[in-house]
Amino acid sequence: MRMQRCGIAIGVAVTLAGLTLHAQAPDLKRVLHDMANSLGMLRSVQELDSLMTVEYWGTGTMRDVGPRTVGPEVQLKSYYAQIAYDFPGMRVDMTRATGTPQREIQVVSGTFAWNEGDKIGGGLDPAWGNAVPAMDRVSDRLLQLWTTPFGVVKAAVAAGDRTKVTVEAGAVVVTFPLANGTPGPTVNMVTGELNGTPVKVTLNRDHRPERVEVRYRDRVFVTTYSGYADLNEADYKADIFLPARVVQTVDGQTVLDLTIQKSNTYNPYVIMPVPEAVQKAAAK
Amino acid sequence: MKQRFVIGSFGAVIAAISLVSAGIAAQGREGGGGQGQAAAAAAAAVPTPKRPNGVPDFSGIWVQTRPRGGAVPAALDRASGNYTNVLRSRTGSPVDFERDSGVRQRAVPRDAKPWYKPQYWERVQFNDIHGHSLLAPDPEFQCMPEGVPRIGLPQEIVQTEKQMVFLYPLHIRRIYIDGRPHPPEEQWIGTWFGHSVGTWEGDTLVVSTVDFNGLEWLGWPGWFTSPDKKVTERIRRVGNTLTWQATVEDSILLRPWTTAQQTRQLNTDPRAEIEEPLPCVERDLGHIVTRERG
């Protein structure tokens, strides 16, 4: 009995010591590795970040976010996103159940933003739709890109020694400023006022981003991610994990509640060349 | 394609081969970085042989060179020299190998991809997803010729005053260097390797190729082509090193696409031989049950 008690005591001491160590100083490099690895980004024996592009499909509700207010909630009949982290660029093609425009294709690519007409890739070929510049949305859209689960891993790595890791209420928390990283296969590009924006990422027990908080333009953007799974189709699994549910709030008000039904995480062919009309408009 | 048959039928054999290869690669990475660069420098320092008419002589067997001295694989135990992974994947399992390779092979930076016009993006994606099925099979997977520029530099070049003959394991390509033009467009017949003519710009052979069948792909991730494709290759010999790069123009592209550069070194062994390759026989398509490919 005495030995049993002794054993229990040692066990508790070891556990407490472990917890203390865990609470004190999680190793940043290990945390970033575990984040990337748990999302399936690291591939080959060299464990290289091999995720460059993704696309996913979902439905849900949204509100337009204005400079100071948010619009009424609308149903999303469809939501299709393409992300290219290597440049970076993001295209969101969404169709609202009500309101105008019913279908909107929002694009950001590097330092350019525009909306495509009724076709993906509109404005790139005279025979294929049109593009309307939306240069004032560059930062907003890049912010969406860098606060996705894969985006925060890449952005945290790019922030270098400005990235910190702590423990809050038992959860590992990674904080970093959005910053221009070293050019390479994956470029972390932020522009203007986005540069230096503080990001706080709370990880779940599987080391995956569960809550991403950003303070930007005197507002608090919080995105929560849950239900991580390989959402690729059954015969096309890649072991890359996306959250099945995405909820985003601005100052506490829900502006996006998305259920992701399907993804393609095999670095699909996703490009966002900047239409000439957008380049010309931006140059003016 | 014969390799696919081997993988499908004798997984254990390929695993063993991979282990040996991995060990060799690991050794190379450990100490071979400088050696590889030194060999390349030595090959380039040799005088470039010229033919009687003064142009460089490309004749010879050209072997692939790989840069060494890259990152040490995570599975390599430096102390013991043991290499625990038998397949180049996260866990060494064949399933991960396929998925890792599938992700890695598609990890192409934006500017290294061909930029298709948007009306063709869906087709590229469809080809990519169904590349190992009968819906949109990669022609190479079906043992069809790779076409130009996908096939790249040959194993051996035979040069005469009239033509360069490029010898590949399973194919032959002819590049006419006697000043003839391409045939007029109304005589084009559409072929896998097209019609190639070469001219010299200094010591660089500039090869123009047209008259394709539009069935060949530019690359593994579904990068299809049209019969409008025109390819310009630039091949240069410096000493015993041959470099190659190609630019593709096609009506389905937004802008010309340039391949990565390839380098080969001359096999200077006067008794060097090339073994007869096994024939390419497609045996896998009927057995593939998922769309995963790597």
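Which residues of α2(A) are buried? Keep that question in mind as you open this predicted model, and start the tour there.

**Stop 1: a helix in chain A**

Select residues 28-39 of chain A, which form helix α2. The buried residues here are A:M35, A:A36, A:S38 and A:L39. Now show what surrounds them: the cover over these buried residues includes β1 (42-43), β2 (48-49), α4 and β11 (198-203) of chain A.

Try your viewer's distance tool on the two end C-alpha atoms of the helix, which are 17 Å apart. With 12 residues at 1.5 Å a residue, the helix should span 16 Å, so the two values agree. Step just past the helix and you come to A:G40, which has a positive phi near 90°.

**Stop 2: a leucine in a loop**

Next, select A:L51, in the loop between β2 and β3 (53-62) of chain A. Is A:L51 buried or exposed? It counts as buried, because 26 C-beta neighbours lie inside 10 Å, and the cut-off for buried is 20 or more.

Which residues does A:L51 touch, leaving aside those up to four places away in sequence? Light up A:M41, A:Y85, A:F150, A:I240 and A:N267. For a contrast, add A:G129: A:L51 and A:G129 are 78 residues apart along the chain, and their C-alpha atoms are separated by 30 Å.

**Stop 3: the nonpolar cores**

Now look for the largest nonpolar core, which has 86 residues. Select A:V153 and A:A155, the residues with the most contacts inside this core. Then select residues 149-158 of chain A: this is helix α4, which gives the most to the core, with seven residues.

Another core, of 14 residues, lies apart from the largest one. To find it, select B:I157, B:I175, B:V197 and B:L242, which are among its members.

**Stop 4: where the chains meet**

Color the two chains differently and look between them. How many residues of chain A are in contact with chain B? There are 28 in chain A, and they meet 33 residues of chain B. On the side of chain A that touches chain B, 15 residues are nonpolar, five are polar and eight are charged.

**Stop 5: strands in chain B**

Move over to chain B, which has five helices and 10 strands. Of its 294 residues, 31% are buried. Among the contacts in chain B with a separation of 6 or more, 59% come from residues 24 or more positions apart.

Select residues 230-238, strand β7 of chain B. Show the side chains and compare the two faces. B:V231, B:E233, B:I235 and B:R237 make up the covered face, while B:K230, B:T232, B:R234, B:R236 and B:V238 make up the uncovered one.

Add the strands that pair with β7(B). Strand β6 (residues 204-210) of chain B runs antiparallel to β7(B), and six bridges join them. Strand β8 (residues 241-249) of chain B also pairs with β7(B) in the antiparallel sense, over nine bridges.

Center your view on B:T232. In β6(B), B:S208 stands opposite B:T232, and in β8(B) the residue opposite B:T232 is B:T247. Then follow β7(B) into its hairpin with β8(B), where two residues lie between the strands. One stop in this hairpin is B:G239, with a positive phi near 60°.

**Stop 6: backbone oddities**

Most residues other than glycine have a negative phi, and most peptide bonds are trans. Here are some places to look for exceptions.

- A:D239 has a positive phi near 60°. Find A:D239 in the loop between β13 (219-229) and β14 (242-250) of chain A; with 17 C-beta neighbours inside 10 Å, A:D239 counts as partly exposed.
- B:C143 has a positive phi of about 70°. This residue is in the loop between α5 and β2 of chain B, and counts as partly exposed with 15 C-beta neighbours inside 10 Å.
- The peptide bond from A:T100 to A:P101 is cis, with omega near -10°. A:P101 is in the loop between β5 (89-96) and β6 (103-109) of chain A.
- B:V148 and B:P149 are joined by a cis peptide bond, with omega about 15°. B:P149 lies in the loop between α5 (121-129) and β2 (156-159) of chain B.

**Last stop: confidence**

Color chain A by pLDDT. The average is 89, and 88% of the residues score at least 70. Finish at residues 6-22 of chain A, where pLDDT stays under 50. For this stretch, the model has one contact beyond four places in sequence.

Terms used: Residues are numbered from 1 along each chain as its sequence is written. Chains are lettered from A and ligands numbered from 1 in the order in which they are written. This is a predicted model: local features need pLDDT of at least 70, side-chain atom pairs count only at pLDDT 80 or more; totals for chains, interfaces and linings use all residues. A residue is buried if 20 or more other C-beta atoms lie within 10 Å of its own, exposed if 12 or fewer, and partly exposed in between; C-beta atoms are placed from the backbone. Helices (H or I, at least four residues) and strands (E, at least two) are DSSP runs, numbered from the N terminus. Two strands pair if DSSP finds at least two bridges between them. Two residues are in contact if their C-beta atoms, placed from the backbone, lie within 7 Å. Ala, Val, Leu, Ile, Met, Phe, Trp, Tyr, Cys and Pro count as nonpolar, Asp, Glu, Lys and Arg as charged, and the others, Gly among them, as polar. pLDDT is the predictor's confidence in each residue, from 0 to 100. A nonpolar core is a set of buried Ala, Val, Leu, Ile, Met, Phe, Trp, Tyr and Cys residues joined through C-beta atoms within 7 Å. The expected span of a helix is 1.5 Å times one less than its number of residues.
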